[in-house]
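Here are some worked exercises to go through with the model open in your viewer. Try each task before reading its solution.

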Amino acid sequence: MSQAHRVIILNEFILQRQTEYPDASGELSALLHHLGLAAKIVNRAVNKAGLIDILGSVGASNASGEDVKKLDMFAHDHFLNTLTTCGQCCGVASEESDDIIILEDDLSRNAKYVICIDPLDGSSNIDVNVSVGTIFAIYRRLSPVNGPCNQEDFLQTGRNLVAAGYIIYGSSTVLVYSTGNGVNAFTLDPSIGEFCLSHPNMRIPENGIYYSLNESYKNYFPYAINEFVEYCKADDKATKRPYSSRYVGSMVADLHRNLIKGGIFLYPPMKTHPRGKLRMLFECNPMAFIVEQAGGIANRWRKCHIRPQT
Ligand code: AHG
Ligand code: MN
Ligand code: MN
């Protein structure tokens, strides 16, 4: 008799996990479910980009000074629309919005979570069919329920994260998330329209062979970074060096590879970006949470001597 493969879909998995917490109200589960739903809508647009008028820029910059693409705004609008109407979060901070978005309807103002989102990560790759992603971070609000949330609810340390995850729109679309109890990944099966458990309990391999950074900025990096890059390139059989260079330019894709294959990803500080370019709220905190939950290490460069730009 054939052994049919048992498929576990995202919502079933979320509910299974919820039963492990007898006090859980189901709000976080519902929020995760809605993020999965918005991801499917964005995925549909990413897949059709080129056929519908969604490529190119809108002709404006966001708060980080980055050129805003049409797909950035599309993803922002759809995630926001879902989060505004689902009633499980009281506020949203988005990379594509200058201000926090406070949700004031009766349902949302009673919700206990806020969410930080990078709706479309890797914007520079949109027009050329290279993987892009969405990153989300969920915090428990500090402000009292049944009132408006405020900035402090969003400006929490990454150590307070309740859940975080990302969706990679790549050769297949994969949703990866953690609620602080390991990392699981779900691949979208387009034929049934469901995210199906494909990578249970992800663990980053100990001995990765990839290093990943934008080496074109080499002349602006702190000396220690360049020394490390030279170490990666040096020949040494015992440590399997030289390591291979991989850099997609979408943090989600670069870290997804590292999660599966191991390795290091870094965005060093430079004079133009003294703290590096990545945004703590939308990119670093959630991705660091995932990396640590998968057994990896995430570090912030605290002290460095930045080279003067020539
Ligand atoms: P976003 O598209 O959300 O603005 O993020 C892009 C980020 C990150 O995903 C990527 O690793 C990095 O910017 C790429 O920067 P460089 O082009 O400077 O390498
Ligand atoms: Mn980004
Ligand atoms: Mn973005």
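## Exercise 1: The interface between the domains

The area buried between domain 1 and domain 2 comes to about 2300 Å², and carbon and sulfur atoms give 64% of this. The model is a predicted one, so please read every value as computed from predicted coordinates.

**Task.** Find which three residues supply 23% of the area that domain 1 buries against domain 2.

**Solution.**
1. Start from the bounds: the domain assignment gives domain 1 as 3-199 and domain 2 as 210-293.
2. Place the two parts: their C-alpha centres lie 24 Å apart.
3. List the contacts: 44 residues of domain 1 are in contact with 21 residues of domain 2.
4. Rank the domain 1 side by area: D121, I135 and Y166 supply the 23%, more than any other three residues.

## Exercise 2: Polar links across the interface

**Task.** Work out how many salt bridges the rule finds across the interface of domain 1 and domain 2, and which strand gives the most to the side of domain 1 that touches domain 2.

**Solution.**
1. Apply the salt-bridge rule across the interface: the count is 3.
2. Look at the pair E292 and R159, a salt bridge whose closest N and O atoms are 3.1 Å apart.
3. Widen the search to polar contacts: 12 residue pairs turn up between the domains, with both residues at pLDDT 80 or more.
4. Turn to the strands: β3 (91-94), β5 (113-121), β6 (132-140), β7 (163-169) and β8 (173-178) each supply at least two residues of the side of domain 1 that touches domain 2.
5. Pick out β6, which gives the most to that side, with 7 residues.

## Exercise 3: Two manganese ions

**Task.** Identify which residue bridges the manganese ion (ligand 2) and the manganese ion (ligand 3).

**Solution.**
1. Take the manganese ion (ligand 2): its protein donors are D118 (OD), D121 (OD) and E283 (OE), 1.8 to 2.1 Å from it. Along the chain these donors follow the spacing D-x2-D-x161-E.
2. Take the manganese ion (ligand 3): E95 (OE), D118 (OD) and L120 (O) coordinate it at 2.2 Å. Here the spacing is E-x22-D-x1-L.
3. Compare the lists: D118 bridges the two ions, which lie 3.7 Å apart.
4. Check the surroundings: D118 has 0% relative accessibility, so it counts as buried. D121 is buried too, at 5%, and L120 is likewise buried.
5. Follow the charged side chains: E95, R279 and E283 are linked in a network of salt bridges.

## Exercise 4: Salt bridges between distant parts of the sequence

**Task.** For the salt bridges K40 with E194 and K277 with E66, say which parts of the chain each pair ties together.

**Solution.**
1. Note the total: by this rule there are 14 salt bridges.
2. Inspect K40 and E194, whose side chains meet at 3.8 Å, N to O. K40 lies in helix α2 (residues 27-48) and E194 in strand β10 (residues 194-199), so this pair ties together parts that are 154 residues apart in sequence.
3. Inspect K277 and E66, with closest N and O atoms 3.9 Å apart. K277 lies in the loop between β13 (264-265) and α8 (280-293), and E66 in the loop between β1 (57-61) and β2 (67-69), so the parts tied together are 211 residues apart in sequence.
4. Finish with exposure: K40 is partly exposed at 25% relative accessible area, E194 at 23%, K277 at 29% and E66 at 25%.

Note on methods: Residues numbered from 1 in each chain as written. Chains lettered and ligands numbered in written order. Predicted model: local features only at pLDDT ≥ 70, side-chain atom pairs only at ≥ 80, totals over all residues. Heavy atoms only, no water. Donors = N, O, S within 2.8 Å, 3.2 Å for Na, K, Ca; no water. Buried < 20%, exposed > 50% of the residue type's maximum accessible area, 1.4 Å probe, protein only. Domains from an automatic or database assignment. Contact = heavy atoms within 4.5 Å. Buried area = accessible area lost by both parts, 1.4 Å probe. Salt bridge = Lys/Arg side-chain N within 4 Å of Asp/Glu carboxyl O. Polar contact = N/O pair within 3.5 Å; in protein donor to acceptor, adjacent residues only side chain to side chain. Helix = DSSP H or I, 4+ residues; strand = E, 2+ residues; numbered from the N terminus.
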